[in-house]
Amino acid sequence: MRLWRVVLLLNLALGAGVLLGYLAWGREIVRLELALDAARQQSAAVRGEGTWTARGVVRAVLPDRNIIVLTHEDIPGLMPSMTMGFKVHDPRLYQDLDIGATIRFTLKGTGPDNTEIVAIARERQ
């Protein structure tokens with residue numbers, strides 16, 4: 001067999017293998033996305049709506065996005081301590097807050113990605 005035929009056959013085999021692998025992986029991605037959506041829905045249904053109270057320190061107030069960035073303690077049953085932004089139910093809740101203020105806040109929602117602050121109280125220092 002001539003060398004060019006061997007090279008051509010190897011390239012065709014490689015191309016066919018890559019194409020089949022790409023098609024198989026594409027189907028796997030769709031299956032994984034469906035499984036992830038089902039798990040999220042089941043988690044939200046099992047968890048239901050909950051209320052959590054914790055303490056935190058105000059790091060930033062973003063009124064244009066209706067978000068407060070807090071460094072908070074562990075919130076049992078929801079998340080470990082971290083610094084993150086939370087949606088605020090009513091903009092009047094953060095009107096008098098200063099950066100660095102220690103607060104006690106109440107979250108309401110169905111999980112870490114779907115909660116909002118419904119109450120804020122300043123802690124005395």
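**Charges, spread and strand pairing**

Reader: How many positive and negative side chains does the protein chain have, and how far apart do the centres of the two sets lie?

Author: In this predicted model, the protein chain carries 15 positive and 13 negative side chains, and the centres of the two sets are 9 Å apart. Lys and Arg are the positive ones here, Asp and Glu the negative ones.

Reader: Thanks! What makes up the secondary structure of the protein chain?

Author: One helix and five strands. Along the sequence they follow the pattern α-β-β-β-β-β. The radius of gyration is 26 Å, whereas the globule rule gives 14 Å for 125 residues; the value is well over the rule, so the protein chain is more spread out than a compact globule. The C-alpha trace spans about 90 × 30 × 25 Å along its principal axes.

Reader: What share of the residues in the protein chain is buried?

Author: Buried residues come to 21% of the 125, where buried means under 20% relative accessible area. As for the accessible surface, it amounts to about 9,100 Å², and carbon and sulfur atoms hold 58% of it.

Reader: Why is strand S4 called mostly covered?

Author: Strand S4 takes in residues 102-109, and six of its eight residues are buried. Each of those six falls under the 20% cut-off, so "mostly covered" is a fair description of S4.

Reader: How do you know that strand S1 and S4 pair?

Author: Pairing asks for at least two bridges between two strands. Strand S1 (residues 50-62) is joined to S4 by eight, and therefore counts as paired with S4; the two run antiparallel. Gly 50 faces Gly 109 of S4 across this pairing.

Reader: And what links S4 to strand S5?

Author: Seven bridges do, with the two strands antiparallel; S5 covers residues 115-122. Phe 105 has Ile 120 of S5 as its bridge partner, while Leu 107 lies opposite Ile 117 in S5. A hairpin of five residues carries the chain from S4 into S5.

Reader: In which sense do strand S3 and S5 pair, and over how many bridges?

Author: Strand S3 (residues 82-88) pairs with S5 in the parallel sense over two bridges. The cut-off is at least two, so this pairing meets it. Lys 87 has Glu 116 of S5 as its bridge partner.

Reader: Lastly, what percentage of the contacts with a separation of 6 or more comes from residues 24 or more positions apart?

Author: Such residues account for 51% of those contacts in the protein chain, a contact being heavy atoms within 4.5 Å.

Methods: Residues numbered from 1 in each chain as written. Predicted model: local features only at pLDDT ≥ 70, side-chain atom pairs only at ≥ 80, totals over all residues. Heavy atoms only, no water. Helix = DSSP H or I, 4+ residues; strand = E, 2+ residues; numbered from the N terminus. Rg over C-alpha atoms; globule rule 2.2 N^0.38 Å. Buried < 20%, exposed > 50% of the residue type's maximum accessible area, 1.4 Å probe, protein only. Areas by Shrake-Rupley, 256 points an atom, 1.4 Å probe, with all protein chains shown as cover. Charge placed at Lys NZ, Arg CZ, Asp CG, Glu CD.
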